[in-house]
Amino acid sequence: MIPAIVYIPDGRPWPGQLREVALDVLELRPAEVVLPEATVRDERGGQLFNGSTLMFDPAAGGGPLADAVADRQARAFGVTNTAFHVQRALRFASALLGHPLPRLLVRIGMHDQPRRWRGGHYRLPRPSLTDEPATLSCAGEVHLGGGAGFVPAPDGSRYFHAPAHNAAIICHEVGHHLCRHTADFRLNRLRPPEQQTNRKIALDEGTADVLTAILLGTSDIYGWHRGTIAEWDPRRRKLQPRWTMAHFVGGRDQDPHADGTVWASACWSARERVIATGADAARFDAALLRGMESAGADAARLTKDALSQRRQFSRLLSAITRADPGLAPVVLTAMAEHGIRPGASNAALEGAARADLTGEVGR
Ligand SMILES: [Zn+2]
């Protein structure tokens, strides 16, 4: 165990509270932290670590306006903060699933040319990924940009938006790794390891978002860096009762994040309802993860039909209720309030939810 300073999110729209934690580290390399379950590396290199602790100042995110010492501190903090949240997320999932997940590689400071990048993504090897490194881990990689632009600092000054300092972005991308190795919405396990697909569907984005909400303990997942976007605006991606299948759009050209917010909001409502019955929140979390795993464990072949089935919200809902039948009545009631029922396609649920809305307006 190595002492480390990281952000612990507290549900408020800021990076969280700086806290000292103990990180389970196998090895410290100059710009890389090797954990038992993941490797976290700053691709910009240099000597970030040379001691036996991981106690660094976030230095307001560092960035191009910071001096070299502050920027190095911020990068070292970013690797440390990312390692902590990656380890926490993977251990949360493996404890509920009862087995470890495949090893994850996290690379920070990626895709910073020609423009700086403040985002993150999850990548699997596929043919002709011209904008990606020549070799990607077949188990999956998280890439985080080196940062761009500014967000408000806790003291009201400005903070360089380095995604490695933002637990929500880190947890969301780890969420895609959990999806890949459980529900496997794109049936990547049936494709050659070097020819997987990175296309994300709404369930993938929504499940990554609700896992982030669970890990951070807030429905306003992106409240820090999207704090200037109104809470009623779908781009805020705050999980709320208002997002129902009436807002679902679907289709290949649609941004899967917006449709995913409907699924994530419904899961969050179900979890809140489970907690309200006096049950432990972990019981819902276990049903969600085990449901994801069983939804990915069928004997499907790589066909258009099988891929289409995996896009249906109702299919994953049924898997969650099968994972813990005792929770099913509560979960189904909460999901129904978002227009999600078992046994119907996304399009049918969308149509029914819109008809309900029209009926209400007409009354
Ligand atoms: Zn995503």
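H176 and E205 are both buried. In this predicted model, the two residues belong to the zinc site. The protein donors of the zinc ion are NE2 of H172, NE2 of H176 and OE of E205. These atoms lie 2.0 to 2.1 Å from the ion. Along the sequence, the donor residues follow the spacing H-x3-H-x28-E. Helix α2 (residues 167–180) holds H176, and helix α3 (residues 202–216) holds E205, so this pair ties together parts that are 29 residues apart in sequence.

The model also contains an open sheet of six strands. Their order is β3-β4-β5-β6-β8-β7. Pairing within the sheet is mixed. Strands β3 (27–29) and β7 (120–123) form the edges, each pairing on one side only. On average, neighbouring strands of the sheet are turned by 15 degrees against each other, direction ignored.

At the β7 edge, the partner strand is β8 (residues 141–144). β7 and β8 run antiparallel and are joined by four bridges. Within this pair, Y122 stands opposite V142 of β8. Helix α2 packs on the sheet. The helix touches β6 (104–108), β7 and β8. Its direction makes about 15 degrees with that of β7.

Helix α2 thus appears in both parts of this description. The helix contains the zinc donor H176, and it packs on the sheet through contacts that include edge strand β7. E205, the donor in α3, is buried, as is H176.

How values were computed:
Residues are numbered from 1 along each chain as its sequence is written. This is a predicted model: local features need pLDDT of at least 70, side-chain atom pairs count only at pLDDT 80 or more; totals for chains, interfaces and linings use all residues. Side-chain values use heavy atoms; hydrogens and water are left out. Donors are N, O and S atoms within 2.8 Å of the metal (3.2 Å for Na, K and Ca); water is not among the atoms, so sites may look incomplete. Helices (H or I, at least four residues) and strands (E, at least two) are DSSP runs, numbered from the N terminus. Buried means under 20% relative accessible area, exposed over 50%, partly exposed in between (1.4 Å probe, protein chains only). Two strands pair if DSSP finds at least two bridges between them. Axes are lines fitted to C-alpha atoms, for helices over the stretch in contact, and angles run from 0 to 180 degrees between N-to-C directions. Contact means heavy atoms within 4.5 Å.
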